[in-house]
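Please look through the sequence and the 3D structure shown here. The paragraphs after them lead through the parts one at a time.

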Amino acid sequence: MKSRLGNLRLYKFDVPSESDVGVMIISFGGVHLCERFQLTRCTGRGRGRGSKAGLSKSFVDSLHWSFMAQHRSNITNQIFDYIVSNFSFKDLDVVPPACPVLVFHFQIIGLSQYQVNENDITTLVLSTLRTRDSVLSVEDAIARLVPIVAPTTEIVDCYQSPELCPLCEKGYPKEDEIVHKTKCSHIFHATCISRYLLHTPRCPACSLELPPVDMRTLLFL
Ligand SMILES: [Zn+2]
Ligand SMILES: [Zn+2]
């Protein structure tokens, strides 16, 4: 069985001692790869290729290297498409002096169905930030980890159906393609719906508006 991309979640972690910080966590089974980065280095810079949705090429590169380390480099493009069609990072190139840490959590589902919960994520974020002088108890820290509102599409694992994707008229499954379900419960290939939403933020099946989540508003306002 092939490894699939499982839960992909964004959180804001509200700690007063940090600013302009992002944390990327990639989980595979019980193994976690954690990386701390400067948020403004990954947003707003460079308007060329790879800066879709306000994310910079350096973020894409860093995702790519992280997945290379897990031998899962082939899913980087699908992950990136998912992020840019669900979230907008525009105008995040300047962040206020006190702002929450932005946490990206990617979980790859393989042979192990180990589910990472918010408790685990809090512990990983705390150890990645290495706030030695932090007085946060684990309970207090957990309360400060807030999921970013539900994205417009979610990843459906190992989907099979006799129906065809309305966008490309091919069936499921299709090669390495993962499948997305929209908020309105319509099913499409990940690449098909991600590319469609980048240009038209509406469901192709029922026309429900599916705008990307505006990260700036969520984090700072
Ligand atoms: Zn399709
Ligand atoms: Zn729909």
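**A walk through the model**

Ser185 has a relative accessible area of 48%, so it is partly exposed. This serine sits in the loop between strand S10 (179–182) and strand S11 (187–189). Its phi is near 65°, a positive value in a residue other than glycine. The model in which these values were computed is a predicted one.

A second serine can be described in the same terms. Ser207 is not a glycine, yet its phi is positive, at about 70°. Ser207 is found in the loop between H5 and strand S12 (213–214). Its relative accessibility is 44%, and it therefore counts as partly exposed.

The chain as a whole gives the setting for these loops. Its secondary structure comes to six helices and 12 strands. The chain has 221 residues, and buried residues make up 49% of them. Among contacts in the chain with a separation of 6 or more, 67% are between residues 24 or more positions apart.

Next come the metal sites. Which residues coordinate the zinc ion (ligand 2)? They are Cys184 and His186, through SG and ND1, together with Cys203 and Cys206, each through SG, at 2.1 to 2.4 Å. Along the chain, these donors follow the spacing C-x1-H-x16-C-x2-C. The arrangement around the zinc ion (ligand 2) is tetrahedral because its four donor atoms subtend angles of 101 to 118°. For comparison, the ideal angle at a metal with four tetrahedral donors is 109.5 degrees. His186, one of the donors, has a relative accessibility of 27% and so counts as partly exposed.

The zinc ion (ligand 1) has its protein donors in Cys165 (SG), Cys168 (SG), His189 (ND1) and Cys192 (SG), which lie 2.1 to 2.4 Å from it. The site is tetrahedral, with angles of 93 to 120° among the four donor atoms. In sequence, the donor residues are spaced C-x2-C-x20-H-x2-C. Cys168 and His189 link distant parts of the chain: Cys168 is in the loop between strand S8 (161–164) and strand S9 (171–172), His189 is in strand S11, and the two are 21 residues apart. Is each of these two donors buried, or partly exposed? Cys168 is partly exposed, because its relative accessible area is 25%. His189 is at 0% relative accessibility and therefore counts as buried.

Cys192, a donor of the zinc ion (ligand 1), is also one of the buried residues of helix H5. The others listed as buried in H5 are Ala190, Thr191, Ile193, Ser194 and Leu197. What do the buried residues of H5 pack against? They pack against H2, strand S7 (153–156), S10 and S11.

The packing of H5 with H2 can be followed further. Two packed helices are described by the angle between their axes and the distance between the axes. Helix H2 (residues 76–86) and helix H5 (residues 190–199) pack at about 35°, and their axes are 9 Å apart. Their crossing is left-handed. On the H2 side, the contact is made by Gln78, Asp81, Tyr82, Val84 and Ser85. On the H5 side, Ala190, Thr191, Ser194, Arg195, Leu197 and Leu198 take part. Sorted by class, the residues of this contact are five nonpolar, four polar and two charged.

Why is H2 described as largely enclosed by the rest of the structure? The reason is that 10 of its 11 residues are buried. Among these buried residues are Asp81, Tyr82 and Ser85. All three are contacts of Ser194, which also touches His180, leaving aside its neighbours within four places in sequence. Ser194 belongs to helix H5. With a relative accessible area of 2%, under the 20% cut-off, Ser194 is therefore buried.

One residue remains, in a strand. Arg9 is located in strand S1 (residues 4–13). Its relative accessibility is 36%, so Arg9 counts as partly exposed. Apart from its neighbours within four places in sequence, Arg9 is in contact with Val103, Phe104 and His105. Arg9 and Val149 are 140 residues apart in sequence, while their C-alpha atoms are 9.6 Å apart in space.

Note on methods:
Residues numbered from 1 in each chain as written. Chains lettered and ligands numbered in written order. Predicted model: local features only at pLDDT ≥ 70, side-chain atom pairs only at ≥ 80, totals over all residues. Heavy atoms only, no water. Axes fitted to C-alpha atoms, helices over the stretch in contact; angles between N-to-C directions. Helix = DSSP H or I, 4+ residues; strand = E, 2+ residues; numbered from the N terminus. Left-handed = near helix turned anticlockwise from the far one by under 90°. Contact = heavy atoms within 4.5 Å. Nonpolar A, V, L, I, M, F, W, Y, C, P; charged D, E, K, R; others polar. Buried < 20%, exposed > 50% of the residue type's maximum accessible area, 1.4 Å probe, protein only. Donors = N, O, S within 2.8 Å, 3.2 Å for Na, K, Ca; no water. Tetrahedral: all angles 85-135°; square planar, octahedral: opposite > 155°, others 65-115°.
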